[in-house]
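Please open the model in your viewer and keep the selection tool at hand. The stops below say what to select next and what is to be found there.

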Amino acid sequence: MDPTGTPAFLPLLLFSMVLTVLFALAAAFAVRRILGVPVGWPRSFAVGLLVCFGGGPLTTVFLANSGIVDAEDAQRAVLPTLLLFGLSIAWAFALGTGLLVAVEVLWPTGSLGTPWGMVRSLRASRARRKRYLHVTTTAFREGLLRPVNARSMQGGTPEAARTARSLAATLGKSGVTFIKLGQMLSTRSDALPPEYIAELSLLQTHAEPEEFSALRPLLQAALGRDVEEVFASVEAQPLASASVAQVHAAVLRSGQPVVVKIQRPTARNQVKVDLDIIERFAGMLERRTSWGRALGLESLAVGFGVSLREELDYTVELENMRAVAAGNPALKIPRVYPEFSSNKVLVMEHLDGEPLGEACLGAETPEFRRALAMELFDGILSQVIVSGVFHSDLHPGNILVLRPAGPGDDDGTAARPALALLDFGSVGRLGRDTRMSLAGFIVAVQADDNVAATDRLLEMVERTPSLDRRALERGMGILLTHLDGSTSVLFTKLFQLLQRHSLGVPPQLAGALRAISALEGTIRLLDPGFDVIGEAQRRSLSWISAMSSPAAVRNLLASNAIGFMSTLQRLPRNLSMLNEKIENGNLQVNVRQFASPTDRSFLTGLVHEGIIAGISIAAIIGSILLMVSGSGPMLAQNLRLYEFLGYTLALGGFVFGLRSLVRILITRK
């Protein structure tokens with residue numbers, strides 16, 4: 001112990017630890033360079049430590065087999081001792097690299113996650129188990145887990161009504177994501193009995209309300225000032241309690257009546273856990289079932305997650321409202337107040353009306369209800385086909401029937417209520433070419449022209465090189481014979497046809513088709529006999545005319561003419577050069593094999609791997625011949641020079657073989 005009280009061995013221990021860490025890092029770097037693939041640093045560092053601590057025992061074995069058993073033998077054979085020490089360290093490194101390759105093949109880098117990622121994963125796993133338990137307990141408490149028979153899915157039976165109530169109660173009490181699921185199911189009147197539609201429709205505005213006292217701190221933080229500085233009053237009782245937010249009536253300091261949409265405090269964390277559950281479950285089904293792979297459930301779940309996360313950002317909803325309002329004069333869109341809004345709070349104009357699912361329209365005449373349905377249909381389909389920016393979450397709770405502003409017309413008839421759209425968290429967009437193809441597809445369906453319908457369909461979807469076009473046309477012809485006026489049936493059969501032919505549907509197009517299908521379920525609350533397909537067919541030509549107005553055609557021609565002028569300017573010169581080459585017999589056509597950099601890289605990789613494999617095999621064969629030769633000068637008591645060279649050559653063959661193997665098993669698996 002030195003005068004300061006520090007043990008004398010401590011500096012030496014610290015120096016040894018630092019030296020070990022540095023050597024391990026150097027070995028880890030060498031491993032990554034030799035293998036030529038991105039291997040995780042933690043496991044590479046573990047190999048470096050293995051070399052540090054495994055090199056000593058391996059050196060002892062090499063020296064003992066060579067007849068060098070003590071320090072005196074080592075002093076008499078200094079050069080062989082140093083050579084064997086280096087060889088043993090190199091073999092420890094090679095064996096550690098081989099172990100790393102085996103681990104990398106079985107558990108690739110990233111599959112287990114980082115240590116800190118695993119800690120977060122354990123926390124997320126606890127949250128998932130907690131959510132599983134909560135949802136299962138809720139379902140049991142609401143009676144959803146009792147035995148279900150066929151009568152539970154038949155409309156008009158007590159079992160159907162009881163099961164529908166249990167399902168709606170379970171979804172409503174299970175959180176944001178499951179309420180969204182109920183909202184989606186409430187628009188599928190083609191697949192669910194009326195009892196289910198009626199109960200699930202209540203989820204639109206009758207989710208369990210949150211106390212305003214719990215929302216007030218969030219509102220104040222979003223405003224960046226006291227609530228009283230912006231609002232003269234805010235009603236504590238919510239106007240509506242939706243899946244991710246509540247809407248409260250308020251009055252600005254200027255006296256303008258508004259509504260304040262405030263996100264639930266627990267919405268984001270709960271959505272994160274629920275989406276994790278949904279994406280894991282979808283991934284498992286896609287890996288384990290053929291129908292899951294055919295449907296691409298994992299990508300669908302990811303798309304649903306992206307859409308739901310966007311709905312939680314109210315700045316996105318604010319921009320969506322502006323975009324839809326710009327191209328939709330038919331339906332009322334509330335005015336927004338961006339100066340008082342944030343990503344969790346949205347302040348907008350107060351509209352006096354009732355959600356479509358609750359509006360008292362039963363006493364109205366069928367003609368009036370049909371006119372209202374037509375107004376909604378025209379407004380939404382114009383968004384999809386003409387403007388290209390459309391509301392894609394059209395459940396009844398997002399459509400407001402406005403109360404008449406005045407007593408009525410001069411002839412004594414009642415003022416006609418207008419319709420307004422709410423909740424713009426989910427908005428789709430279609431390009432002009434896709435909109436034109438969609439309108440043309442509707443016209444072809446009306447004309448029962450399967451060839452034209454197939455042409456328009458292929459303009460919208462992602463085709464494969466192996467597509468059998470004739471088979472697709474025949475399938476389209478059969479599909480057109482099964483139309484019964486339901487868009488849900490049409491789109492269901494259409495998606496099945498696309499799936500059979502391995503045709504991908506772009507997400508925005510799928511969103512437009514789902515929006516039209518949801519619109520049908522909502523419209524039939526107004527007019528059960530409304531023929532969505534027939535009305536779409538009758539208006540499709542007018543939509544195409546609206547998209548092909550003189551101004552639109554003029555702009556299209558002008559944009560194309562700019563690019564065409566330069567081509568036209570060079571055309572005479574190019575034709576002259578081509579004619580001259582033909583006359584002189586100098587016209588050549590050059591076709592380069594492997595012109596693509598990707599093809600050249602692939603071929604180069606194959607050649608390199610073949611060379612490395614050949615070197616490895618040759619080195620191993622040579623090492624065997626040297627080790628069994630039994631000739632050559634003696635380096636130590638039991639070690640000949642050729643035997644030592646054989647061990648060294650085997651080391652090189654082993655390392656080259658590992659590099660070739662890891663590139664085959666890891667980069668191409």
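Select Thr434, Ser437, Leu438, Gly440, Phe441 and Ala444 in helix α16, and then Ala452, Ala453, Arg456, Leu457, Glu459 and Met460 in helix α17, since these two groups meet each other, contact being taken as heavy atoms within 4.5 Å. By class, the residues of this contact divide into seven nonpolar, three polar and two charged; here Ala, Val, Leu, Ile, Met, Phe, Trp, Tyr, Cys and Pro count as nonpolar, Asp, Glu, Lys and Arg as charged, and the others, Gly among them, as polar. This is a predicted model, in which local features need pLDDT of at least 70 and side-chain atom pairs count only at pLDDT 80 or more, while totals for chains, interfaces and linings use all residues. Residues are numbered from 1 along each chain as its sequence is written, and side-chain values use heavy atoms, with hydrogens and water left out.

Now show the two helices whole, as residues 432-446 for α16 and residues 450-460 for α17, which pack at an angle of about 160° with their axes 8 Å apart. That angle makes α16 roughly antiparallel to α17, given that angles under 35 degrees count as roughly parallel, over 145 as roughly antiparallel, 65 to 115 as roughly perpendicular and the rest as oblique. The axes are lines fitted to C-alpha atoms, for helices over the stretch in contact, and the angles run from 0 to 180 degrees between N-to-C directions. The crossing of α16 and α17 is left-handed, a term used if the near helix is turned anticlockwise from the far one by less than a right angle.

Stay in α16 and select Thr434. Is Thr434 buried or exposed? At 17% relative accessibility Thr434 counts as buried, the class for residues under 20% relative accessible area, with exposed meaning over 50% and partly exposed in between (1.4 Å probe, protein chains only). Leaving aside residues up to four places away in sequence, Thr434 touches Met460 and Leu509.

Next add helix α15 (residues 366-387), which packs with α16 at an angle of about 120°, their axes being 8 Å apart. In this case α15 is oblique to α16. The residues to select are Val384, Ile385, Val386 and Ser387 of α15 together with Arg435, Leu438 and Ala439 of α16, and by class this contact has five nonpolar, one polar and one charged residues.

Three further selections pair residues that are separated along the chain.

- Pro528 is placed in the loop between α20 (507-526) and α21 (532-547). Pro528 is exposed, with a relative accessible area of 60%, and its C-alpha atom is 9.8 Å from that of Ala373, 155 residues apart along the chain.
- Arg280 belongs to helix α11 (residues 267-288) and is partly exposed, with a relative accessible area of 43%. Between the C-alpha atoms of Arg280 and Ala301, 21 residues apart along the chain, the separation is 8.9 Å.
- Val21 is found in helix α1 (residues 10-35) and counts as partly exposed at 38% relative accessibility. The C-alpha atoms of Val21 and Leu49 are separated by 7.7 Å, with their positions 28 residues apart along the chain.

Finally, select the entire protein, whose secondary structure comes to 24 helices and twelve strands, where helices (H or I, at least four residues) and strands (E, at least two) are DSSP runs numbered from the N terminus. Buried residues make up 40% of the 669 residues.
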